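User: Please take a close look at one helix and its surroundings. I would like to know how its sides differ and what lies around it.

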Amino acid sequence: MLADVIEVLADPIDGTALHGEDNFRRLVSESGHSYDVARQGYVTLSAGGGLKFSGDNPEMLQSREAFLSRGHFAPFVEAVTEAVGVALDEAEVPDDAHPIIMEVGAGTGYYLSHTLDTVLNSRGVGIDISIPAAKRLATCHSQVGAVAADVWSRLPLKDDSVDVITVVFAPRNPAEFARVLKPGGQVIVLSADVGHLAELREPIGIIDVEPGKVERMISQAADYLVPAAPVEYIEFQMELDQSSIASQIGMSPSARHISPEVLAARVAKLPPSMTVTARAAISRLALKPQD
Ligand SMILES: C[S@@+](CC[C@H](N)C(=O)[O-])C[C@H]1O[C@@H](n2cnc3c(N)ncnc32)[C@H](O)[C@@H]1O
């Protein structure tokens, strides 16, 4: 709930502290700006009022929920949670602390919920630009505060307030991540790697991940964040039936380019079940030391 993480949230306009008013129906900043909490439990924190881009739509969220609920990406979620644990250990966060984990582009909250279930006393801030995602984030876990916000803008968080940031197949803003991370905090990035969904590329007509993607992500962050450990690669095989394949494509950026009718026709031509490779890179980044 928002009340659990209010101490780290900040006014997106001027960065001043927020507090709940009217039994958390509104968040109000020290400078007097007021942000309504939607009845579904999330708050939109944007300097311009609304958000410029709508992110994943309800159909994509439904596909994501369907696919993830079948456990096909279990090795990914376990790897992210394990990396968060390592990051907290390396930061020497004591066992009796209540660390803040922020996930950016958190979608349905599948990854954040798993992490919060595993890391003792942890609290989560789930950020997504998509309103359908923010609605899901508000109910995904009792310890999650759901915020609709744009990662490309000033994040509605205080400086030095977050223990770990996770980003799973979602956009990153290294300058803002560095501002809101506590000293010793880390950013965990899971990004698709070459070969991910390889068996589906040709029959469904989706493009492969471009080579060097992780290296580019690391070099683009280099002014603010540096690797805390070598990149690790996670690869496993999934046994996917046609419905899972349709959900996988429906939750991906390809859903924006392939109409539901064309996708259904292409999926119908596949065998009833296929072995499909999942492959991603997991990076742990720490604050760049000051000169
Ligand atoms: C590929 S999905 C990943 C969702 C989730 N991390 C997962 O793996 O289940 C990318 C998510 O990032 C969100 N997103 C896209 N652009 C964003 C932005 N500028 N700011 C915040 N979230 C954004 C989308 O709405 C979507 O929920």
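Analyst: A definition comes first. Rings of Phe, Tyr and Trp (its six-membered ring) count as a pair if their centres lie within 6.5 Å. By that rule, ring pairs join Phe-67, Phe-73, Phe-76, Phe-169 and Phe-236 into a cluster. Note that this is a predicted model.

Phe-67 belongs to helix H2, residues 58-69. Start with the length of this helix. H2 has 12 residues, and at 1.5 Å a residue they should span 16 Å. The C-alpha atoms at its ends are 16 Å apart, which agrees.

Which residues of H2 are buried? They are Met-60, Leu-61, Ser-63, Arg-64, Phe-67 and Leu-68. These residues cover an arc of only 160° around the axis, so they sit on the same side of H2. The general rule for helices fits here. An α-helix has 3.6 residues a turn, so residues three or four places apart point the same way. The other side of H2 carries Glu-59, Gln-62 and Ser-69, which are exposed.

What do the buried residues pack against? Their partners are helix H4 (110-118), helix H5 (131-140), strand E11 (232-241) and helix H9 (242-250).

Now the two ends. At the start of H2, Asn-57 places a side-chain oxygen within 3.1 Å of the backbone nitrogen of Glu-59. After H2 comes Gly-71, with a positive phi near 80°.

Back to the rings. The structure holds 6 aromatic pairs. Phe-67 and Phe-73 make one of them, edge-to-face, with 5.0 Å centre to centre and 75° between the planes. Both of these residues are buried. Phe-73 also pairs with Phe-169. That pair is tilted, at 6.1 Å centre to centre and 55° between the planes. It links distant parts of the chain, 96 residues apart. Phe-73 lies in the loop between H2 and helix H3 (74-90). Phe-169 lies in the loop between strand E8 (162-168) and helix H6 (174-180).

Is each partner of the tilted pair buried or partly exposed? Buried means under 20% relative accessible area, and exposed means over 50%. Phe-73 has 1% relative accessibility, so Phe-73 counts as buried. Phe-169 has 33%, so Phe-169 counts as partly exposed.

Next, a loop residue that touches H2. Thr-108 is found in the loop between E5 and H4. Its relative accessibility is 10%, so Thr-108 counts as buried. Beyond its neighbours within four places in sequence, Thr-108 is in contact with Leu-61, Arg-64, Glu-65 and Leu-68, as well as Arg-136, Leu-137 and Cys-140. A polar atom of the Thr-108 side chain lies 3.4 Å from the backbone nitrogen of Tyr-110.

Strand E5 (residues 100-104) comes before that loop. E5 is mostly covered: 5 of its 5 residues are buried. Ile-100, Met-102 and Val-104 are on one side, Ile-101 and Glu-103 on the other. Both faces are thus covered. E5 pairs with strand E6 (residues 123-128) in the parallel sense, over 5 bridges. In that pairing, Ile-101 stands opposite Gly-124.

To sum up, H2 has buried residues on one side and exposed ones, including Glu-59, on the other. Phe-67 is one of those buried residues, and Phe-67 is also part of the ring cluster.

Conventions
Residues are numbered from 1 along each chain as its sequence is written. This is a predicted model: local features need pLDDT of at least 70, side-chain atom pairs count only at pLDDT 80 or more; totals for chains, interfaces and linings use all residues. Side-chain values use heavy atoms; hydrogens and water are left out. Helices (H or I, at least four residues) and strands (E, at least two) are DSSP runs, numbered from the N terminus. The expected span of a helix is 1.5 Å times one less than its number of residues. Buried means under 20% relative accessible area, exposed over 50%, partly exposed in between (1.4 Å probe, protein chains only). The arc is that of the directions from the helix axis to the C-beta atoms. Contact means heavy atoms within 4.5 Å. A polar contact is a pair of N or O atoms within 3.5 Å; within protein, one must be able to donate a hydrogen and the other to accept it, and residues adjacent in sequence count only if both atoms are side-chain atoms. Rings of Phe, Tyr and Trp (its six-membered ring) pair if their centres lie within 6.5 Å; planes under 30 degrees apart count as stacked, over 60 as edge-to-face and the rest as tilted. Two strands pair if DSSP finds at least two bridges between them.
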